Amino acid sequence: MSTAIIAPAVDGPAFTKTGLNLADASLGAEFIWATDQFFAPGIRMLNPEPAAFYPGLYDDNGKWMDGWETRRRRTTGHDTAIIKLALAGTLQGVDFDTSFFTGNFAPAVSLEACYSPDAEPTNDSAWTELLSAVELGGNAHHFHELTSDQVWTHLRLHLYPDGGVARLRVYGTPHCDWSNLDSSQTINLIALENGGNQVAWSDAHYGEPRKLLRPGRGTDMGDGWETRRRREPGNDWCILTLGHKGVIERVEVDTAHFKGNFPARCSIQAACVEQGTTKSLITQSMFWHTLMDEQPLTADAIHQFTELKDIGPITHIRFNIIPDGGVSRLRLFGKPVA
């Protein structure tokens, strides 16, 4: 196999930073159905990693491409796919990435959505248009804002008339129904699936803090929040928001796969924040109450902490790692408060 060429990173619009890619197969997104997958299966389009290109790689059907690619259409109509989002949620924007598709990209696409939590939708389901047909170019990112405030579970992607897309990234906010709040239930209030999210951080050279909130244990050292090596005084930190206000009873810090680069210690500050901006939260967080005093960490291990300060209900935390390093997962178990 020839050496892979990796698509370069790009600086996308604000929704790519604030939203979670809900079309991420590693989170559970599924490629359910397509009119055609002759040259490349649709599941590749949901890979969270940057697209790759192998100049000399071919398979039985032709050039190996890292994305979804249909055969050349010789009839009327167009190609279509149905995708299940990793988590039901509201959507802020989309990136149609045609990296390395230069003469075989889809000339245009459109996007629809539906809410079907209990059954797999079909083409006869009630679909709502999120984005009417837009033109695509080759080997490029195409960012489009989405303005719907409804909760969706599935997408229907149309290619006009055929061709390929390297990556489909759909950014949004997971939806958690708190209408039947059970204050006696202990849950991970900062989990992605419960609406937890990243707000700000000192450094994320090797991985963004949002990875701390993903389900399961990390798959490797790239599946976590890791900062560069600190060469000056101080420590690294990140500010995270809970999915719902609550009282924390137990903290879990998992350093899975971090063996020579885990933090020496960690601590947590917290507050109940009613209003504020990202910049104001960064300033305020320096003076938040201590929820958990500095605790030692070890390599590649799950650490459980129950000796926490009684500071009442909180909505945000500042997770301090001392002085730097990487953490795979952070979980805050507690009871939601109305």
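This tour moves through a predicted model, from one strand and its neighbours to the nonpolar cores and then the salt bridges.

**Stop 1: strand β8**

Start by selecting residues 79–97, which make up strand β8. Colour them by accessibility: 14 of the 19 residues are buried, so the strand is largely enclosed by the rest of the structure.

Now bring in the partners of β8, one at a time.

- Select residues 30–34, strand β3, which runs antiparallel to β8 and is joined to it by 4 bridges. For a landmark, pick phenylalanine 31 and look across to isoleucine 83, its bridge partner in β8.
- Add strand β12, residues 152–160; 7 bridges join this strand to β8, again antiparallel. Here glycine 89 stands opposite tryptophan 152.
- Next comes strand β14, residues 167–174, antiparallel to β8 with 8 bridges between them. Stay on glycine 89, because you will want to see its bridge partner in β14, proline 174.
- Finish with strand β11, residues 141–145, which pairs with β8 in the antiparallel sense over 5 bridges. Glycine 93 is the residue to click, with glutamate 145 of β11 opposite.

**Stop 2: the nonpolar cores**

Which residues touch the most other members of the largest nonpolar core? Select Phe96, Leu155, Leu157, Val251, Ile317, Phe319 and Leu330, and you have them, out of 62 residues in that core. Strand β8 turns up again here: it gives the most to this core, with 7 residues.

Centre the view on leucine 330 and show what surrounds this residue. Leaving aside residues up to four places away in sequence, leucine 330 touches Ile190, Leu212, Leu213, Leu240, Val251, Glu252, Val253, Ile268, Ile317 and Phe319. Then look for a second, separate core of 8 residues, with Ala40, Phe53, Phe101 and Ala166 among them.

**Stop 3: salt bridges**

The count of salt bridges comes to 21, and three of them make good stops.

Go to glutamate 112 and arginine 156 first; they form a salt bridge whose closest N and O atoms are 2.7 Å apart. Glutamate 112 sits in strand β9 (residues 108–114) and arginine 156 in strand β12, so to speak a link between distant parts of the chain, 44 residues apart. Are these two residues buried or exposed? Both glutamate 112 and arginine 156 are buried.

Move on to lysine 335 and glutamate 249, whose side chains meet in a salt bridge at 2.6 Å, N to O. Lysine 335 belongs to strand β24 (residues 329–336) and glutamate 249 to strand β18 (residues 236–254), so this pair ties together parts 86 residues apart in sequence. Lysine 335 is partly exposed at 25% relative accessibility, and glutamate 249 is partly exposed too, at 35%.

The third pair is arginine 265 with glutamate 294, a salt bridge with its closest N and O atoms 2.7 Å apart. Because arginine 265 lies in strand β19 (residues 265–271) and glutamate 294 in strand β20 (residues 289–296), the pair ties together parts 29 residues apart in sequence. Relative accessibility is 34% for arginine 265, which counts as partly exposed, and 46% for glutamate 294, also partly exposed.

For the last selection, take Asp203, Arg228, Arg230, Glu232 and Asp236 together: salt bridges that share partners join them into one network.

Key
Residues numbered from 1 in each chain as written. Predicted model: local features only at pLDDT ≥ 70, side-chain atom pairs only at ≥ 80, totals over all residues. Heavy atoms only, no water. Buried < 20%, exposed > 50% of the residue type's maximum accessible area, 1.4 Å probe, protein only. Helix = DSSP H or I, 4+ residues; strand = E, 2+ residues; numbered from the N terminus. Pairing = 2+ DSSP bridges. Core = buried A, V, L, I, M, F, W, Y, C linked by side-chain atoms within 4.5 Å. Contact = heavy atoms within 4.5 Å. Salt bridge = Lys/Arg side-chain N within 4 Å of Asp/Glu carboxyl O.
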